[in-house]
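Hi,

Here is the structure I said I would pass on. Have a look first, and my notes follow underneath.

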Amino acid sequence: MGYQLDFSKILQGEYLDLILQGIQTTMVLFVLSWFFGLLLAIVLTVVRAVEFRPTQLLVAAFVEYHRNVPVLIQLFVWYFGFAVVLPDAVNEYLNDIGAEIGYAIVALALNKAAYMSEDFRSGMRSIHPAQMEAARSIGLTYLGAMRWVILPQAWRLALPALLGQTLILFKGTSLAAGIGVAELSYQARYIEEQSFRIFEAYGIATAIYMLISFVIMWLTSVLSDRFRLRVK
Amino acid sequence: MIEFQAVSKWFGSLKVIKEISATVDKGTTIVLCGPSGSGKSTLVRTVNRLEPIQEGTITVGGMDINAKSVNVNTLRTGIGFVFQQFNLFPHLTVVDNVMLPLRRIHQQSRKEALPAALLMLERVGLADKANALPADISGGQSQRVAIARSLMLKPEVLILDEPTSALDPEMVSEVLRLLRQLSGEGLTMMCVTHEMGFAREVSDRVWFLKNGKLTFNAQPELFFSSETHPDVRGFLSAIQKNH
């Protein structure tokens, strides 16, 4: 084999800039999808908790679609599908401001919201019904009991699963390359094609993904420990 | 203070409370006993509307608790309720559990509520556990915290649904000692329990329920005498055999 590993070619100049831009785009995708996903997950959880069949079914359908269809397809549906129904002028404007990343954030956030709402729901289900009864018997209203007794326990119980979803989302941001978002894995591929430095390009991307994943995993264990709900 | 007038309740087609009429005088302690499934827990749970009734009326302090004008949350702040399984909130420390009614119902700040909560913990002998989590204290201590929490809004009535049944034998006495003390302080209490020593010593009347009916309602002297109701005699001897 005549292949000589040489990272220096990639860790400088234009290629280094591309890697740094890739990291930045990956983090923007990750943080915004996570934030909007969590927000929507809370809404979905509350809507599903209310005993009204039609809205419960709507949420269930939303969850099932996002859990049973590959994320890449969901990205395609937004990027290629949604654009078709929009007027040309709107599409042109969106493309000017970078439609790919917007669609990617929407698709990833919706996908994560489906999973996270299920985590919240299972957290709530594992709280003994007597907790609600005890809260109500003190004189709290239904909403007061939810606010001060049920939800503070539910998020603690759901925390390990939510953090697991966070890690999956972080790695899942690489799928956005499929619709042309210039995130880290997209840049790695571009650098590899330009420089023919296959191992170096993907090696560096791998190292960065692993490093950030390790930080998320470390945070997971610290937070899960800190907020663990101990029930006798 | 509490009056049941021909109260009946059904779970589906099963009638679990059958035309019960009885009165609990202000400042007295009533012990409810009877075989399991006799309706004692269900009956006490109707007093703060944890269980709805289908027939009859229940008045507390002269007020029909099932009247449309009654706000159930306001009603419950005047009636302390203690459960068999304590039902402390596991995400809150002992003192935060005790403070919760003041903070979330009377909207007091932590600073305002803290002195009263600490005083109450001292009263139940647990001032040193204020910052412990429910998972770190014993069953007997948990039940005393639950009692402290139920007393924070100064209810006139305290209802206890088998407060010692989930406790190890050595912890029963610490809870009974507290209840004895509360009973002496003039609180109106209804207590479902199998602790017949407590009934004999502390109660003003003992109610015996069987199959949803209030079969016998007597002062403890008569209840535990040889003149008692034949069903009670059978129940008491069955309990003695188990102890």
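Which residues of chain A does UniProt list for "domain: ABC transmembrane type-1"? The unreviewed entry gives residues 23-220 of chain A. Keep in mind that this is a predicted model. In it, the span 23-220 of chain A is 86% helix and 0% strand, and the C-alpha atoms at its two ends lie 21 Å apart.

Next, a helix pair in chain A. Helix α1(A) covers residues 13-49 and helix α7(A) covers residues 142-172. The two pack with their axes 9 Å apart, at an angle of about 140°. That angle makes α1(A) oblique to α7(A), because only values over 145 count as roughly antiparallel. As for handedness, the crossing of α1(A) and α7(A) is right-handed.

The residues that meet there are F30(A), S33(A) and W34(A) on the α1(A) side, and T166(A), L169(A) and F170(A) on the α7(A) side. By class, this contact of α1(A) with α7(A) has four nonpolar residues, two polar ones and no charged ones.

Then there is the contact between the chains. Chain A puts in 19 residues and chain B 20. On the chain B side, the elements giving two or more residues are α2 (72-77) and α3 (94-104) of chain B. The side of chain B that touches chain A breaks down into twelve nonpolar, six polar and two charged residues.

Over to you!

Cheers

How values were computed. Residues are numbered from 1 along each chain as its sequence is written. Chains are lettered from A and ligands numbered from 1 in the order in which they are written. This is a predicted model: local features need pLDDT of at least 70, side-chain atom pairs count only at pLDDT 80 or more; totals for chains, interfaces and linings use all residues. Axes are lines fitted to C-alpha atoms, for helices over the stretch in contact, and angles run from 0 to 180 degrees between N-to-C directions. Helices (H or I, at least four residues) and strands (E, at least two) are DSSP runs, numbered from the N terminus. Angles under 35 degrees count as roughly parallel, over 145 as roughly antiparallel, 65 to 115 as roughly perpendicular and the rest as oblique. A crossing is left-handed if the near helix is turned anticlockwise from the far one by less than a right angle, and right-handed if clockwise. Two residues are in contact if their C-beta atoms, placed from the backbone, lie within 7 Å. Ala, Val, Leu, Ile, Met, Phe, Trp, Tyr, Cys and Pro count as nonpolar, Asp, Glu, Lys and Arg as charged, and the others, Gly among them, as polar. UniProt positions are given in the numbering used here, feature names are shortened, and annotations may be inferred rather than shown by experiment.
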